[in-house]
Amino acid sequence: MNRLFRLGPVLRARKAQEDAAKGAVIQSRQEIRDAQALVKRRQLDLAGADAPTEGTARAMVASMVARQSMAATLSGAHRMVADAEDLAREKQAELADAAKRRRAVESMAERHAEAVKAHDLRTEQLAIDEMAVTAKARNAARGIDATSEERANTLRHGNGTAADREDAARETANSVAARRPAVDLANARQAIDAARATLSLAAKRDDEAAELTDEGYADDGSRA
C-alpha cells in the first residue's frame, strides 16, 4: 500500500488557512478594544466641555457647535465598536469553518496512518510465520523435533566439540546395547559342549559303519 498520505499538501493548506483565520479573529478583537477606548475618550471630552452660561452670543454658539461635534464623534465611536464586533463575529465564523475543514482532512490522515500501521503489523506477522515454517522444515530435514527442539539422531550432525560427539555416540551405543536380550555365557558354553559331543558321536558311528562295510566286501571276495 501507499505509505505516503496523498492529501498531505491539502492538510497543510487547511492548517495555513486556519492559522490565517485565527490571526484575523485576533485582529478584529483588537479593533473592538480600540473602538471601545475611543468611545471612552469621546465621552470624557464631552463631559469636560460644559455648555457656556455666559459670554457673547458668538462664544456660546461656538461652544454649542463644539459639543455637537463631540457628540457626533462619540456616536461614530459607538458605530465603530458595533462594526468591529460584527467583523469579529464574521472572522470567528470563518475560523470555525476553517477548523472544520482542517479536521476533516486530518481525520483522513489519521485513518491512513492506522491503515499503514495495520498493514505493517500484518506484514510483520506474515514474516514471522514464514520464518517459523522455514525453521520447522529445516529442523525436520536435520532430524530435529520442532516441538521439543531435540534431535532424532544425535549422530546426524556435526555440531559441538569432539567430546560432545563422542559422548553422544557412547550414549547411543549404550542405548542399543540396553535393548539387546541378555546372553548367559554359562548356558552358551554348555550348549556348545553338547553340540560337540553330538557331532563326535555321529562321526564315530559313521566310522564304525564304514569299517563294517569294508569287512563285508572282503568276506565276499568279489570286491576284495
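## A buried arginine to start with

Let's begin with one residue, R102. With a relative accessibility of 16%, R102 counts as buried, because buried here means under 20% relative accessible area. Keep in mind as you look around that this is a predicted model. R102 is found in helix 2.

What does R102 touch, once its neighbours within four places in sequence are left aside? The list is L11, R14, K15 and E18. One of these, E18, lies in helix 1, so it is worth a closer look in the next section.

## A small network of charges

E18, R102 and E106 are linked in a network of salt bridges. Take the R102 and E106 part first. The side chains of these two residues meet in a salt bridge, with 2.7 Å from N to O. The pair also appears as a polar contact between side chains, at 2.7 Å. R102 and E106 sit four residues apart in helix 2, so about one helical turn separates them.

Now compare how covered the members are. E18 is buried, at a relative accessible area of 7%. E106, on the other hand, is partly exposed, with a value of 23%. Not counting residues up to four places away in sequence, E18 touches L95, A98, A99 and R102.

## Other salt bridges

How many salt bridges does a search of the whole structure find? The search finds six. One of them joins R3 to D120, where the closest N and O atoms are 2.6 Å apart. R3 lies in the segment before helix 1 (8–48), while D120 belongs to helix 2 (residues 57–141), so this pair ties together parts that are 117 residues apart in sequence. D120 counts as partly exposed, at 28% relative accessibility.

Another salt bridge is formed by the side chains of D97 and R101, at 3.0 Å from N to O. Both residues lie in helix 2, four residues apart, or about one turn of the helix. Are D97 and R101 buried or partly exposed? D97 is partly exposed, with a relative accessible area of 39%, and R101 is partly exposed too, at 30%.

## A nonpolar core

Salt bridges are one part of the picture; nonpolar residues are another. In soluble globular proteins, nonpolar side chains tend to be buried together. Which residues make up the largest nonpolar core here? There are six: A35, L38, V39, L74, A77 and V81. Helix 1 and helix 2 each supply at least two residues of this core.

V39 is a good residue to pick out in the viewer. Leaving out residues up to four places away in sequence, V39 touches L74, A77, H78 and V81. Among these contacts, L74, A77 and V81 are fellow members of the core.

## The whole chain

Finally, step back to see the full protein chain. Its secondary structure comes to four helices and two strands. From the N terminus on, the elements run α-α-β-β-α-α.

Of the 224 residues in the chain, 14% are buried. The chain exposes about 17,200 Å², and carbon and sulfur atoms supply 56% of that area. Among contacts with a separation of 6 or more, 64% are between residues 24 or more positions apart. The R3 and D120 salt bridge you met earlier, with its 117-residue separation, is a nice pair to find in the viewer.

Terms used: Residues are numbered from 1 along each chain as its sequence is written. This is a predicted model: local features need pLDDT of at least 70, side-chain atom pairs count only at pLDDT 80 or more; totals for chains, interfaces and linings use all residues. Side-chain values use heavy atoms; hydrogens and water are left out. A salt bridge is a side-chain nitrogen of Lys or Arg within 4 Å of a carboxyl oxygen of Asp or Glu. Buried means under 20% relative accessible area, exposed over 50%, partly exposed in between (1.4 Å probe, protein chains only). Contact means heavy atoms within 4.5 Å. A polar contact is a pair of N or O atoms within 3.5 Å; within protein, one must be able to donate a hydrogen and the other to accept it, and residues adjacent in sequence count only if both atoms are side-chain atoms. A nonpolar core is a set of buried Ala, Val, Leu, Ile, Met, Phe, Trp, Tyr and Cys residues joined through side-chain atoms within 4.5 Å. Accessible areas come from the Shrake-Rupley method with a 1.4 Å probe; for residues, only the protein chains shown count as cover.
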